[in-house]
Amino acid sequence: MTPRTSISARSFIIVSLATALTLTACGNNTQPQSASPTVSASASATATPSPTSTAGYKPADAKGKAENVPIPVLPEAAKANTKEGVEAFARYWFQALSYAYETGDVRVLKQTTGPNCVLCTALQEAITVAWTDGKWIVGGRIETPVVVGKYRDGGGSPQTTVQAIQQLIEIRRADGTLYQDPTKASNRGMQLVATFSANGWTVIDLGLIY
């Protein structure tokens, strides 16, 4: 069984990963399959990930957008149809999601996301909306300290358990004022389902582990 989600991104503007997952779960009676081992909650939900060392990188604040945000690069390990490959890919995919929060650019994310992943599409659309009319996102960076793939030789769509820690999110208007109340930091267990083809890995489903 794979996680299923059903929500229109246009129904919300709070773009926290955890909030979006909670909203989608409320409208769905199908729970994702439990994954083992359980995602550790030892890392603090308020932890601040260290940005990749890049000259000129500046995180967003109330005065302006982030600058010179490092673009995620697909590692060689993520190109293999193996347990290690799908785990490396899952880390990369969440890096691409984090990049989208910081920049409003969802193109990197779309390249490795299938069109039928409902939650993936909802997140992309919500981030895009949050960046319209001169607005920008402060925070929202994601780190993934625990990634465990369930892979079987011979094909299939491996499920990968991911601990996703996301910073507090602020959406700022063009004048720097808050667009809405900040969205709290979160520390949630996720289940990512991917499929492998000649083009590499693609996310086909994403859900919250209860």
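Let's begin in the interior: the largest nonpolar core of this protein has 43 residues, and F89, W93, F94, L97, Y101, L192 and L206 touch the most other members. Helix α2 gives the most to this core, with 12 residues. Nonpolar side chains in soluble globular proteins tend to be buried together. Keep in mind throughout that this is a predicted model.

**Overall layout**

Stepping back, the secondary structure comes to 4 helices and 6 strands. Along the sequence the pattern reads α-α-α-α-β-β-β-β-β-β. Of the 210 residues in the protein, 49% are buried. Among contacts between residues at least 6 apart in sequence, 68% join residues at least 24 apart. As for the surface, the protein exposes about 10,000 Å², and carbon and sulfur atoms supply 51% of that area.

**Strands β1 and β4**

How do β1 and β4 run where 4 bridges join them? The two strands are antiparallel. One place to look at this pairing is W136, which stands opposite R172 in β4. R172 also belongs to a strand with both faces covered: in β4 (residues 169–172), I169 and I171 lie on one side, E170 and R172 on the other, and all of them are buried. Charged residues thus appear among the buried positions of this strand, E170 and R172 sharing one side of β4.

**Salt bridges**

The count of salt bridges comes to 6. Three of them are set out here, each with its N to O distance.

| Acidic residue | Basic residue | N to O distance |
|---|---|---|
| E76 | K79 | 2.8 Å |
| E102 | R141 | 2.6 Å |
| D105 | R107 | 2.9 Å |

The pair of E102 and R141 is a good one to find in the viewer, as its side chains meet in a salt bridge of 2.6 Å. This pair links distant parts of the chain: E102 sits in helix α2 (residues 83–103), while R141 is in the loop between β1 (136–139) and β2, 39 residues apart. Are these partners buried or exposed? Both E102 and R141 are buried.

The other two pairs have a mixed setting. E76 counts as exposed because its relative accessible area is 60%, over the 50% cut-off. Its partner K79 has 44% relative accessibility, so K79 is partly exposed. In the bridge between R107 and D105, R107 is exposed, with a relative accessible area of 60%. D105, in contrast, has 17% relative accessibility and therefore counts as buried, the cut-off being under 20%.

**The disulfide**

How many disulfides does a search of the whole structure find? There is 1, and C117 and C120 form it, with their sulfur atoms 2.1 Å apart. Such a link is a covalent bond between the sulfur atoms of two cysteines. The link of C117 and C120 is right-handed, with 55 degrees about the S-S bond. Both C117 and C120 are buried.

**A loop residue at the surface**

Finally, have a look at D153, which is in the loop between β2 (142–150) and β3 (159–166). Where the disulfide cysteines C117 and C120 are buried, D153 is exposed, with a relative accessible area of 71%. D153 and K83 are 70 residues apart in sequence, and their C-alpha atoms are 8.8 Å apart in space. K83 falls within the span of helix α2 (residues 83–103), the helix that gives the most to the largest nonpolar core.

Terms used:
Residues are numbered from 1 along each chain as its sequence is written. This is a predicted model: local features need pLDDT of at least 70, side-chain atom pairs count only at pLDDT 80 or more; totals for chains, interfaces and linings use all residues. Side-chain values use heavy atoms; hydrogens and water are left out. Buried means under 20% relative accessible area, exposed over 50%, partly exposed in between (1.4 Å probe, protein chains only). A salt bridge is a side-chain nitrogen of Lys or Arg within 4 Å of a carboxyl oxygen of Asp or Glu. A disulfide is a pair of cysteine sulfur atoms within 2.5 Å. Two strands pair if DSSP finds at least two bridges between them. A nonpolar core is a set of buried Ala, Val, Leu, Ile, Met, Phe, Trp, Tyr and Cys residues joined through side-chain atoms within 4.5 Å. Contact means heavy atoms within 4.5 Å. Accessible areas come from the Shrake-Rupley method with a 1.4 Å probe; for residues, only the protein chains shown count as cover.
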